[in-house]
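Biologist: I've got the sequence and the model open side by side. Can you walk me through what holds this fold together?

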Amino acid sequence: PAIISRRMEQSWLLAGKTVQDGDEPAVTYRQHASRWWILLWYSYLSALQSLLWFTWSSVPESSRTFLDCDDNTLDLFLNEGPIAFCCVVFFAAWALKSRNGLRVSVLIGAIMCFLAALVRSIPVLLSDQSRADHHDLVLFFVHVGQITNAAVAPLIVASPSYLSLMWFPEDQRNTATAIANVANALGRAVGFYLGPAVVSSPDDIPTLLLIEIFLALLPLLCVGAYYPAIPPSPPSRAAREQLEHLGTEESLV
C-alpha cells in the first residue's frame, strides 16, 4: 500500500496546476489532482454515515416487525446520533490537531461505519423464533451498531472547511466545502429511496442490511489504500500557515 500510495501521489502531483500567490510572488503553490479523491471519499463516507443512521426509520413498519419493537425504539435509534455526536466531538477536534489528523479521522470513520454495518446485521443470522427468544440481545446488537455509526459523525461532518482549506485553492474552497456539507444530507435522501425500494416486507430487511455492508466496505478499502492527511505541498498561503501550526494548541483552536 505504501508503494502504491507513493506512485499515485507522484502521478497525481504531475496532474496538478501550479499557481502564484499574488501577495508573495516568490512562493509557488501547487494544486494536486488527488484533492478530488480526498473530497470524493470524505463526502461518500459522510453520506454513508447518514444513510446507516437512517436505515431503520426509512422502513418503519418492516423494522418494527423484524425487530419486534415499537416507535419509541426506532426514535431512540435516531436520538443516539446527536447524543454520540456530543460525546465524540471533542475527540474529533483533538484528532485533527495532528499532521496526520485528517487521514486518521477518515480511516477511523470508515472502520467504524463498516463495523457498525456488520454488528447490527448479526440478528439476521438468527431465525424468526431465535430473534423472538433473544429479543433483548437482538436490540443490543442493533443499538451497538447505531451508536458506533453515530460516533462517526463528528469525525466527518465537523471538518469540511478544514479539508477544503488544506487541499483546495482559494477559488475552489467554497465548492469543496459545499459538496462535503451537502453529502451528509444526501445520504438521508438516498435512504428515503433505497429502503422502500429494497424492502417490501420484513423478510427483505436482511437484503437491505447486506447492501449497506457492501456500501460500507468500499470506503474502507479505498481510504486504507490511499488517503493522505495533507498534500505534498500547500495549495495556498492559508494552507501553508495552517501546516505550520499543526500539532500545536493553536491548531486545536
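Modeller: Happy to, and keep in mind that this is a predicted model. A good place to start is Arg120, which pairs up with Glu212 in a salt bridge, with 2.2 Å between the closest N and O atoms.

Biologist: Which parts does the pair of Arg120 and Glu212 tie together, and how many residues apart are they in sequence?

Modeller: Arg120 sits in the loop between helix H5 (101-119) and helix H6 (128-133), while Glu212 belongs to helix H11 (residues 205-225). The salt bridge therefore links that loop to H11, and the parts it ties together are 92 residues apart in sequence.

Biologist: Are Arg120 and Glu212 buried or exposed?

Modeller: Buried here means under 20% relative accessible area. Arg120 and Glu212 are both buried.

Biologist: How many salt bridges are there by this rule?

Modeller: Besides the pair above, Asp71 and Arg64 meet through their side chains at 2.6 Å, N to O. Arg131 also bridges to Asp128, with the closest N and O atoms 2.3 Å apart. By this rule the count is three.

Biologist: What separates Arg131 and Asp128 in helix H6, and which of the two is buried?

Modeller: The two are three residues apart in H6, so about one helical turn separates them. Asp128 counts as exposed, at 54% relative accessibility. With a relative accessible area of 10%, the buried partner is Arg131.

Biologist: And Asp71 with Arg64: what is the relative accessibility of Arg64?

Modeller: Asp71 is partly exposed, with a relative accessible area of 42%. Arg64 also counts as partly exposed, at 26%.

Biologist: Now the greasy part. Which helix gives the largest share of the largest nonpolar core?

Modeller: That core has 33 residues, and those touching the most other members include Tyr42, Leu45, Val106 and Tyr227. Helix H2 (35-58), H5, helix H8 (153-156), helix H9 (160-167), H10 and H11 each put in at least two residues. The largest share, seven residues, comes from H2.

Biologist: Which residues does Val106 touch?

Modeller: Leave aside residues up to four places away in sequence, and count heavy atoms within 4.5 Å as a contact. On that basis Val106 touches Tyr42, Leu45, Ile156, Val223 and Tyr227.

Biologist: How many residues are in the second, separate core?

Modeller: Leu51, Val59, Leu67 and Leu139 are among its members. The second core comes to 16 residues.

Biologist: Let's look at helix H3. Which residues of H3 are buried, and why are they on the same side?

Modeller: In H3 (residues 60-67), the buried ones are Ser62, Ser63, Phe66 and Leu67. They cover an arc of only 115 degrees around the axis, which puts them on the same side of H3. On the other side, the exposed residues are Glu61 and Thr65.

Biologist: What covers the buried residues of H3?

Modeller: Several helices take part in the cover. They include H2, helix H4 (71-95), H6, helix H7 (135-150) and H11.

Biologist: Stepping back, what share of contacts between residues at least 6 apart joins residues at least 24 apart?

Modeller: The protein has 13 helices and two strands, and 47% of its 253 residues are buried. Of the contacts between residues at least 6 apart in sequence, the share joining residues at least 24 apart is 78%.

Notes: Residues are numbered from 1 along each chain as its sequence is written. This is a predicted model: local features need pLDDT of at least 70, side-chain atom pairs count only at pLDDT 80 or more; totals for chains, interfaces and linings use all residues. Side-chain values use heavy atoms; hydrogens and water are left out. Helices (H or I, at least four residues) and strands (E, at least two) are DSSP runs, numbered from the N terminus. Buried means under 20% relative accessible area, exposed over 50%, partly exposed in between (1.4 Å probe, protein chains only). A salt bridge is a side-chain nitrogen of Lys or Arg within 4 Å of a carboxyl oxygen of Asp or Glu. A nonpolar core is a set of buried Ala, Val, Leu, Ile, Met, Phe, Trp, Tyr and Cys residues joined through side-chain atoms within 4.5 Å. The arc is that of the directions from the helix axis to the C-beta atoms.
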